[in-house]
Amino acid sequence: MKKTILVTGAAGFIGSHLAEAFLRRGDRVVGLDNLDCSYDPERKRANLDEVSRAATSPNQWKFVLGDIREVAAVDRLFDENAFDAVVHLAAMNGFASSIEDPLRHYDINVLGTLNLLNIAKQHLVENFVFGSSASVYGNTRVLPFMETDPCDHPLAPYPASKRAAEMLGYSYHHLYSLNFTAVRFFTVYGPRNRPDSMAFQLAEGIAGKKKVRLYRKGQMQRDWIYISDLIDALVAAADRPLGYEIINLGCGEPVLVADFVELIERHADSRAYLIPALLPDIDVPCAFADIGKARQLLNFEPKVTLEEGVARFWEWYHGSGAAAEKLLPVEN
Ligand SMILES: NC(=O)c1ccc[n+]([C@@H]2O[C@H](COP(=O)([O-])OP(=O)(O)OC[C@H]3O[C@@H](n4cnc5c(N)ncnc54)[C@H](O)[C@@H]3O)[C@@H](O)[C@H]2O)c1
């Protein structure tokens with residue numbers, strides 16, 4: 001049966017891909033986003049144009065320009081649409097910006113989530129999926145990262161806000177039996193990546209657009225997950241009310257940042273414009289997921305290899321106008 005789904009943050013990187021995926025399988029989708037200025041809103045409008053092309057009828061897709069913190073407007077949205085599921089992706093991102101403006105991060109990521117939970121519960125929404133982050137693990141010694149980790153040492157207000165939102169989800173499940181699944185994303189990459197994401201920054205360095213800091217000479221491990229794999233898992237999470245669950249979403253394999261750089265360099269046929277830097281104490285040398293729960297509960301199996309994903313990412317970056325028109329010569 002076709003569903004009606006609310007995607008918050010629908011103009012962003014992950015939200016726009018997710019809205020498209022629901023539309024392609026015939027669901028009705030409402031996208032809520034305030035097109036904030038964390039990066040160029042024009043990029044978000046372009047994402048929305050692509051989403052609207054996936055709709056087969058005018059009633060299938062509706063974009064609402066609005067803020068998740070607005071109580072009356074969000075309540076009206078739920079009144080007007082009987083949502084089967086909410087996938088909540090709207091957020092303020094980034095460690096550095098959360099240190100600069102912790103109150104704004106908490107306001108959006110915690111109070112905004114609380115507003116959605118409260119209204120979802122009042123409207124008896126069956127399933128609430130929350131886009132959390134692997135950063136909640138902080139500098140845990142438990143590798144790979146396991147969902148059983150207490151995650152009580154977040155290294156900055158951003159991960160602390162994500163963990164707080166996960167815990168609010170538990171309260172709403174406990175008090176009102178709301179089905180709540182927090183999915184902890186590892187390093188997501190692909191077309192429409194945010195300009196502050198590691199993949200986009202590295203591409204900028206490779207395109208010779210700017211010098212990009214490379215921590216520990218790239219000797220740090222990340223769990224890269226290609227956007228289409230993440231979307232498959234998010235669709236599965238939206239389809240399955242699971243009570244209360246926290247589920248890691250990565251590929252389950254650590255890959256050196258240096259190897260990721262080398263792969264893009266190969267596809268770009270150009271050397272990266274990078275400057276060595278020390279790892280800041282808000283970052284961790286190694287992050288990768290145990291994905292046993294995702295396999296078991298979401299039938300998840302990553303399909304896109306790093307080689308394939310990087311090729312697609314570079315093709316998008318290079319063709320999207322985001323890349324420098326001329327590659328600058330880079331000294332070895
Ligand atoms: N991209 C990753 O690698 C990654 C990793 C871990 C977690 N996440 C989480 O996944 C989600 C989506 O991330 P993304 O990379 O697509 O980010 P994004 O910035 O591209 O998308 C987030 C969207 O939320 C919107 N937004 C922000 N505040 C809002 C508000 N108050 N009301 C309504 N809309 C608002 C923004 O305008 C933006 O379009 C976020 O919650 C993020 O924390 C992403």
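Select Pro144 to start: Pro144 sits in the loop between β5 and α6 (157-176). The model is predicted. Now look at the bond that leads into this proline. Leu143 and Pro144 are joined by a cis peptide bond, with omega about -10°. Most peptide bonds are trans.

**Along α6**

Next, select α6 itself. The helix has 20 residues, and at 1.5 Å a residue they should span 28 Å. The end C-alpha atoms of α6 are 28 Å apart, so the expected span and the model agree.

Colour the buried residues of α6. They are Pro157, Tyr158, Pro159, Ala160, Ser161, Lys162, Arg163, Ala165, Glu166, Gly169, Tyr172 and His173. What do the buried residues of α6 pack against? Show α4, α5, β5, β6 (179-185) and β11 (244-249): these are the packing partners.

Step off the helix to Ser177. Ser177 follows α6 and has a positive phi, near 60°.

**Phe180, in β6**

Move on to Phe180, in strand β6. Is Phe180 buried or exposed? Phe180 has 28 C-beta neighbours inside 10 Å, so it counts as buried. The threshold for that label is 20 or more.

Show the contacts of Phe180 beyond four places in sequence. They are Phe128, Phe130, Gly169, Tyr172, His173 and Tyr244. Gly169, Tyr172 and His173 are also among the buried residues of α6. Then draw a distance to Glu166. Glu166 and Phe180 are 14 residues apart in sequence, and their C-alpha atoms are 8.7 Å apart.

**Gly94, before α4**

Select Gly94, in the loop between β4 (85-88) and α4 (95-100). With 18 C-beta neighbours inside 10 Å, Gly94 counts as partly exposed. Setting aside residues up to four places away in sequence, Gly94 touches Tyr158 and Asp196. Tyr158 is one of the buried residues of α6. Now measure across to Asp281 in the viewer. The two residues are 187 apart in sequence, and 14 Å separates their C-alpha atoms.

**The ligand shell**

Centre the view on the ligand. How many residues surround the ligand? There are 31, and the closest are Gly9, Gly12, Phe13, Ala90 and Ala91. Elements that give two or more residues to this shell are α1 (13-24), β2 (28-33), α5 (102-122), β5 (127-133) and β7 (187-189). Highlight α1: the largest share of the shell, three residues, comes from this helix.

Colour the shell by class. The ligand is surrounded by 13 nonpolar, 12 polar and six charged residues.

**α1 against α2**

Keep α1 on screen and add helix α2 (residues 41-53). The two helices pack at an angle of about 10°, and their axes are 9 Å apart. That angle makes α1 roughly parallel to α2, because angles under 35 degrees count as roughly parallel.

Show the side chains at the contact. From α1, pick Ser16, Ala19 and Glu20; from α2, pick Asn47, Leu48, Glu50 and Val51. By class, the residues of this contact are three nonpolar, two polar and two charged.

**Two positive phi values in one loop**

Jump to the loop between β8 (212-215) and β9 (221-222), where Arg216 lies. Lys217 is found in the loop between β8 and β9 too. Check the backbone of each. Arg216 is not a glycine, yet its phi is positive, about 50°. Lys217 has a positive phi near 55°, and is likewise not a glycine. Most residues other than glycine have a negative phi.

Which of the labels, exposed or partly exposed, fits each residue? Arg216 has 15 C-beta neighbours inside 10 Å, so it counts as partly exposed. Lys217 has 12, so it counts as exposed. The limit for exposed is 12 or fewer.

**α8 and α11**

Select helix α8 (residues 227-239). Its 13 residues should span 18 Å at 1.5 Å a residue. The end C-alpha atoms of α8 are 18 Å apart, which agrees. Colour the buried residues of α8: Ile227, Asp229, Leu230, Ala233, Leu234, Val235, Ala237 and Ala238.

Finish at Ala311, in helix α11 (residues 306-319). Ala311 has 16 C-beta neighbours inside 10 Å and therefore counts as partly exposed. For a last distance, pick Gly190. Ala311 and Gly190 are 121 residues apart along the chain, with 9.5 Å between their C-alpha atoms.

Methods
Residues numbered from 1 in each chain as written. Predicted model: local features only at pLDDT ≥ 70, side-chain atom pairs only at ≥ 80, totals over all residues. Near = placed C-beta within 6 Å. Helix = DSSP H or I, 4+ residues; strand = E, 2+ residues; numbered from the N terminus. Nonpolar A, V, L, I, M, F, W, Y, C, P; charged D, E, K, R; others polar. Expected span 1.5 Å × (residues − 1). Axes fitted to C-alpha atoms, helices over the stretch in contact; angles between N-to-C directions. Parallel < 35°, antiparallel > 145°, perpendicular 65-115°, else oblique. Contact = placed C-beta atoms within 7 Å.
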